[in-house]
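Student: Could you take a close look at one residue for me, and then show how its surroundings fit into the whole chain?

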Amino acid sequence: MKVHYKINEKDYSFEIHPGKVLLDVLRENGFTEVKGNCYMGTCGACTVIINGAPKTSCTVLAAQVNDAEIITIKGIGSVLKPHPLQEAFIKKGAVQCGYCTPGTILSAYALLQKNPNPTDEEIKRAIDGNLCRCTGYVQQIEAIKFAIKLLTEEK
């Protein structure tokens, strides 16, 4: 079957097997910035934003989200022009191996899109499904709070 997505603001069509998960379809078509690990939705490494909400792409059938708008970590910033969340994660040391980082940042991005000034508890809940085995969560929460400050200064 053929599916259509808008990924990082560009239109794509892919021929897929109906049983494939979105994670595999994205990676097989060059979106290797989407990491995969558990295939159970428990680690959060494969988080992408689908129609405005963060979702683990390993638990979503690619056919289920036909015609969806998908944002990967490359859709919010670049090496030359990083999003304030990406910038904050680097400045606050919230990145070590980097495997969980894209999913965690996208979970935080989705939160800040809906709530630009979240409490610590709301930040913790937003990244609750993203496991990090390197930095722990203190640096990630500090980075998100720093990004809020950067975003506020941008306005």
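Tutor: Happily; we will begin with a single threonine and then step back to the chain around it. Bear in mind that this is a predicted model. The residue to look at is Thr101, which lies in helix 3, the element made of residues 101-114. Is Thr101 buried or exposed? With a relative accessible area of 8%, Thr101 falls under the 20% cut-off, so Thr101 counts as buried. Which residues does Thr101 touch, once its neighbours within four places in sequence are set aside? Those contacts are Phe89, Ala94 and Val95.

Now for the wider setting. The protein chain has 5 helices and 5 strands, and along the sequence they follow the pattern β-β-α-β-β-β-α-α-α-α. The radius of gyration of the protein chain is 15 Å, close to the 15 Å given by the globule rule for 155 residues, so the chain is as compact as a globular protein of that length. Along its principal axes, the C-alpha trace spans about 45 × 35 × 25 Å.

Burial and contacts can be followed through the chain as well. Of the 155 residues, 45% are buried, and Thr101 is one of the buried residues. Among contacts with a separation of 6 or more, 56% join residues 24 or more positions apart.

Finally, the outside. The accessible surface of the protein chain comes to about 8300 Å², and carbon and sulfur atoms account for 51% of that surface. As for charge, the chain holds 18 positive and 16 negative charges, whose mean positions are 3 Å apart.

Definitions and conventions:
Residues are numbered from 1 along each chain as its sequence is written. This is a predicted model: local features need pLDDT of at least 70, side-chain atom pairs count only at pLDDT 80 or more; totals for chains, interfaces and linings use all residues. Side-chain values use heavy atoms; hydrogens and water are left out. Helices (H or I, at least four residues) and strands (E, at least two) are DSSP runs, numbered from the N terminus. Buried means under 20% relative accessible area, exposed over 50%, partly exposed in between (1.4 Å probe, protein chains only). Contact means heavy atoms within 4.5 Å. The radius of gyration is taken over C-alpha atoms; the globule rule is 2.2 Å times the number of residues to the power 0.38. Accessible areas come from the Shrake-Rupley method with a 1.4 Å probe; for residues, only the protein chains shown count as cover. Lys and Arg count as positive and Asp and Glu as negative; His and the chain ends are not counted. The place of a charge is taken as NZ of Lys, CZ of Arg, CG of Asp or CD of Glu.
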